[in-house]
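Student: I would like a close look at one part of this structure, followed outward into its surroundings. Could you take me through it step by step?

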Amino acid sequence: PPHGAGCACGAPGADEEHRVLVLGAGVAGATVARSLAAAGVGDVLVLEAAAVVGGRLRQAPLGDIKVEVGANWVQGYTAENSMSDFINSTGLLGVPTDWDSLALVRPGGEVVPDEVADPLWEQFEEALAATYRLAEELPTTQTVDVASALLATGGWEALDPVAVAIERFYIDYEYAVPAAELAVRGLAAMYRPDAAETVDYFVTDPRGFAHVVRRLLADAGIPNTASPPPNRLRLNTTVTDVAYGETGVCVTTADGRRFGADYAVSTFSVGVLQAALMTGAARPAGAITLTPPVPAAKRLAISSMKLADYVKVFARWDEPIFSETDPLFLLPTSCEDDRWIDVHNLNHAGNMLPGGANVLLLTATASYGRALTCQAANVTAAAIASIVSSIAGRPVPPPTHVTLGQWYADPLFRGAYSATPPGFGADDWAELNRPLGRLHFAGEAHALNGTNGFVQGSWESGIVTAAAVVAAIKAETA
């Protein structure tokens, strides 16, 4: 039985005591629970503030269908990727993405001719390959942003609207920040030009991408149900305070209950951890309290990691806007309107959502992505109609249905996913992952091998952190 929990909670003790508490039931939390179960660690309790599991794998209604407003892709699918093997075992449905099915489009609908676009694509790809090489050559203490590296190694700088659209599709679309705000070590290893060939699958499963999380929990012997104790998954359970120490961890929830454990794993997003550091009038309502105060080095590491604003906007019309023969990706090139990175044509052959004809997926990042989370619905619909009309080359009415992910405005996340900023070095990574007493950390932002910001990063971080907890338990009982 737990032997540090009561001490961590102090008088009058905990309402419940467990061996390990897992805070959050997203991919990272479910992977931690599954890995602990596989290692023979019993009595693991998962606390989740939302009414469902999945974290940033989430569906939302778009008329009479559902769409994924969080992660959409199983990325880097290959036989050498253990997460790919697991996802394949779940039977998750998806379609392979043809990234070559795209067109750069000028305002008014004119497609940029190949003789203009191809040399720019080729130069950017060569510069990006050189940037990857530079990332390997730099000392771990030195950091460089991608924009500087592209210019220094490949003579590339995006000045022309077509060049801007190309760079944004490679960088902003993938990492949610512009090249100048991304460290070269933040580039995904799976997309290195010399990496093993992989496939990216766009999830179309009616059960939702969160089906993967439900399977992870099932493998851990934790049923996906809101039934009362002793069920080892507690939904609608919001953590307000985490007290950590060398003898255990005590977690207090919004209903006043206290959960003690020998060990705990936080899978809170970097945005939630950053809010926990805030004080005074700036501190947002609902921010978690960490006790004792977080040491200065870890505070700096948490504060330095970037949690990006990435908003996926699904729009649907009664009539088709683009056909199944039109490109899958339509990239706007405009000096005046750079709010949208792309228009993803889900009417493209083989890419239609189940029961979901006439759907487009638009992507916005940075300040406009953040603005989308608070502006009026009719304003967003009008902005969608404007950019789609510009690409189609004809007037297009506002969509009949619109839904979008609002991660920045959600206090359970406070942003979409992490992007490694320039200046974030090896010491910062180590500090970000360093346990606070017996409180360990996992999540996509904590992945160390170029997968932060990806679902795969959550999986890998969960496995690594669970192994650290198991090692600590074995050392304690040796």
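Tutor: What follows begins with one helix, moves to its surroundings, and then turns to a few other places.

A word on the basis: this is a predicted model, in which local features need pLDDT of at least 70 and side-chain atom pairs count only at pLDDT 80 or more, while totals for chains, interfaces and linings use all residues. Residues are numbered from 1 along each chain as its sequence is written, and side-chain values use heavy atoms, leaving out hydrogens and water.

Let's start with helix 6, residues 161–170. Helices (H or I, at least four residues) and strands (E, at least two) are DSSP runs, numbered from the N terminus. Seven of the 10 residues of helix 6 are buried, so the rest of the structure largely encloses it. Buried here means under 20% relative accessible area, with exposed over 50% and partly exposed in between, using a 1.4 Å probe and protein chains only. The buried set consists of Val162, Ala163, Ala165, Ile166, Glu167, Arg168 and Phe169. At the start of the helix, a side-chain oxygen of Asp160 comes within 2.7 Å of the backbone nitrogen of Val162.

What do the buried residues of helix 6 pack against? Their partners are strand 7 (102–105), helix 4 (114–137), helix 5 (146–154), helix 7 (172–175), strand 16 (329–332) and strand 18 (359–365). Contact, here and below, means heavy atoms within 4.5 Å.

Strand 18 deserves a stop of its own. Seven of its seven residues are buried, and both of its faces are covered: Val359, Leu361, Thr363 and Thr365 lie on one side, with Leu360, Leu362 and Ala364 on the other. Strand 18 pairs with strand 15 (residues 310–316) in the antiparallel sense over seven bridges, and Tyr310 stands opposite Thr365. Strand 17 (residues 342–345) also pairs with strand 18, again antiparallel, over four bridges; there His344 is opposite Leu361. Two strands count as paired if DSSP finds at least two bridges between them.

Two other partners of helix 6, helix 4 and helix 5, are linked by a loop that holds Asp145. Asp145 is buried, with a relative accessible area of 16%. Its side chain makes a polar contact of 2.8 Å with that of Ser148. A polar contact is a pair of N or O atoms within 3.5 Å; within protein, one must be able to donate a hydrogen and the other to accept it, and residues adjacent in sequence count only if both atoms are side-chain atoms. Asp145 and Val184 are 39 residues apart along the chain, yet their C-alpha atoms are separated by 5.6 Å. Not counting residues up to four places away in sequence, Asp145 touches Ala179, Ala180, Leu182, Ala183, Val184 and Pro422.

Next comes another buried polar residue elsewhere in the chain: Asn452, in the loop between strand 21 (439–441) and helix 14. Its relative accessible area is 4%. The Asn452 side chain has a polar contact of 3.2 Å with the side chain of Ser418 and one of 3.2 Å with that of Thr420. Leaving aside neighbours within four places in sequence, its contacts include Met305, Trp429 and Glu444.

Helix 14 (residues 455–477) leads on to helix 3 (residues 82–90): their axes come within 10 Å and cross at roughly 105 degrees. That makes helix 3 roughly perpendicular to helix 14. Axes are lines fitted to C-alpha atoms, for helices over the stretch in contact, and angles run from 0 to 180 degrees between N-to-C directions. Angles under 35 degrees count as roughly parallel, over 145 as roughly antiparallel, 65 to 115 as roughly perpendicular and the rest as oblique. Ser82, Met83 and Phe86 of helix 3 make this contact with Val455, Gln456 and Trp459 of helix 14.

Helix 3 also meets helix 8 (residues 211–219), with axes within 10 Å and a crossing of roughly 95 degrees. Here Phe86, Ile87, Ser89 and Thr90 of helix 3 face His211, Val212, Arg215, Leu216 and Asp219 of helix 8.
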